[in-house]
Amino acid sequence: MITRKPIQTLVRIFATLLIIAGITAFHFFVFNQANSTTIAMTFLLATLGVATGWGLLEAFIASVAGMLCLNFFFLRPIFTFYLADTQNWVTLFVFLVTAVVASQLSTSVKQRALEATRQREEMERLYELSRTLMLVDKQLPTAGQISQRIAQVFGVSGVAVFDRETDQTYRTGAMDVPISDTKLRDSALQATGFHDPEANLSVLPLSLGREPVGSLAIYGASISDTALHAISNLAAIVMERARAEAVATRMEAARQNEAMKSMLLDALAHEFKTPLTSIKAAASSILDAGAPAQKELVAVIEEESDRLDSLVSETIRMARIEAGDLRLERRRQAAVDLIRASLEKLRILLEDRDVRIEAGPDLPEVMADAELVELTIRQLVTNALKYANPESPILIRAVPVDDAVRISVKDFGPGIAPKNLQRIFEKYYRVEHNTRRIPGTGIGLTIARDIVKAHGGEIWVESVLGEGTEFFFTLPVVEKMAEQKR
Ligand code: ADP
């Protein structure tokens, strides 16, 4: 669609009349010996020029004005519109018909050339759009990016894309795109579109034959229907593809989750089996023919049963926390007591280990759920035990920092590579080469992080490969908590 501006048309009509007047003046005053056919040919030539350059309306005006001037100034009797000779009537008629037909032909050729150029430009833009749409960022909303790219490539005033899956509309450019979110939603739900020429607005459903995935509104553009349909098809393909990819990612995550769960079960089975084997061995020895019940063996049974008991309780608690059941029962606590109590539960495991506690005498009290914080400390200490050399010491420190107490657990083990540091707090994440050698579930640090965060604290790690690892976490002190409540 080629739109004309009224002022431009008026200027062109005026210029057309000037050209005809100029030719008339030339033949009248300068080249007055030319015969009527030559003069008619000059007018015809001018009319054709006007038709090619400007359009049919101007050409039509040129031919009528030319005819009138020819009649008035050059066909006898001159200075009247009356014609004495019938031959002149024929000349005039032939002039008019030729001028109009030739103008029409010339403008339609011009129109076709313009149309071809426009189609070529549209094709180029569609190609550009398809190229940029292939590069949409998976982290950002697809519909939003589609809207931006259509506006960019086609240079239109405003674009709005409605995504049915998220039930959201993304707008680019003019904020006053004259269509409401509700209408766009309706267009997607009913799979219907419309064109409002007055508002220069086109609305199309986005679908690939099946249920529409959304709808598209383009505002303030002169884009052909074919191109509009191609744009909506491209947008629908990209949205369908994003949807299919999201489903595939979710399925992959579910599959990984399943794999993780079975790994978790394997690890738990391993943890439970170790004390059970000791109990079984001790009990079998006692039962051994004639052997008197040895105190030591009974002691082993008792110890290992205790270990099993605390393992079961700990597992249940961790499973609850993992399921989001994290209720805190906060009380005033001394950080050192929390450290001591958690080590007490690891007594058997720590028997031959060099564990040092460093804490200043005037540490402020913290507001904490003792059981959960002890679980966190135990988690960090167990990791130090698991991953560091049994001969190396473990250092547990508590120091005051700002409005909190910072507790840290340091080991002199293998350390963690920088690339893995970011991920060790993720659920089920285990560093590759450990997974085969040392049993574990990959959820211990996740739970530790959840507990610390629930207390309003921070947890982080510092590690140097080959030198060791130190985990830190903070707990807000009592005064700080009181202040927050106020
Ligand atoms: P798990 O120990 O059961 O694998 P965690 O969530 O406790 O799970 O730890 C995640 C991963 O972080 C471990 O698999 C291990 O690779 C690494 N990691 C944790 N603590 C240490 C540590 N003290 N030294 C070296 N690596 C550690």
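The radius of gyration is taken over C-alpha atoms.

**Figure 1. Overall dimensions of the protein chain in the predicted model.** The protein chain has a radius of gyration of 44 Å, whereas a compact globule of 486 residues would have one near 23 Å. Along the principal axes, the C-alpha atoms fill a box of roughly 150 × 55 × 45 Å. The protein chain holds 15 helices and 12 strands.

**Figure 2. Domains of the protein chain.** The domain assignment gives three entries: domain 1 spans 6–117, domain 2 spans 134–325 and domain 3 spans 331–485. The centres of domain 1 and domain 3, taken over C-alpha atoms, are separated by 97 Å. Contacts in the protein chain with a separation of 6 or more are counted here. Residues 24 or more positions apart account for 66% of these contacts.

**Figure 3. Surface and charge of the protein chain.** About 27,700 Å² is exposed by the protein chain. Carbon and sulfur atoms supply 58% of that area. Of the 486 residues, 40% count as buried. The protein chain carries 53 positive and 59 negative charges. The mean positions of the two sets lie 5 Å apart.

**Figure 4. Close-up of Glu122 in helix α4.** Helix α4 covers residues 86–133, and Glu122 lies within it. Glu122 has 10% relative accessibility, so it counts as buried; the cut-off for buried is under 20%. Neighbours within four places in sequence are left aside in this view. Glu122 is then in contact with Phe154, Ser222, Ile223, Ser224 and Ala227. One of these partners, Ala227, is 105 residues from Glu122 along the chain. The C-alpha atoms of Glu122 and Ala227 are separated by 6.7 Å.

**Figure 5. Close-up of Thr142 in helix α5.** Helix α5 runs over residues 142–154 and includes Thr142. Is Thr142 buried or exposed? Thr142 counts as buried because its relative accessibility is 17%, under the 20% cut-off. Leaving aside neighbours within four places in sequence, Thr142 is in contact with Val238, Met239 and Ala242.

**Figure 6. Glu122 and Thr142 side by side.** Glu122 belongs to helix α4, and Thr142 belongs to helix α5. Each has a relative accessibility that counts as buried: 10% for Glu122 and 17% for Thr142. Contacts of Glu122 include Ser222 and Ile223. Those of Thr142 include Val238 and Met239.

Notes:
Residues numbered from 1 in each chain as written. Predicted model: local features only at pLDDT ≥ 70, side-chain atom pairs only at ≥ 80, totals over all residues. Heavy atoms only, no water. Helix = DSSP H or I, 4+ residues; strand = E, 2+ residues; numbered from the N terminus. Rg over C-alpha atoms; globule rule 2.2 N^0.38 Å. Buried < 20%, exposed > 50% of the residue type's maximum accessible area, 1.4 Å probe, protein only. Contact = heavy atoms within 4.5 Å. Areas by Shrake-Rupley, 256 points an atom, 1.4 Å probe, with all protein chains shown as cover. Lys, Arg positive; Asp, Glu negative; His and termini not counted. Charge placed at Lys NZ, Arg CZ, Asp CG, Glu CD. Domains from an automatic or database assignment.
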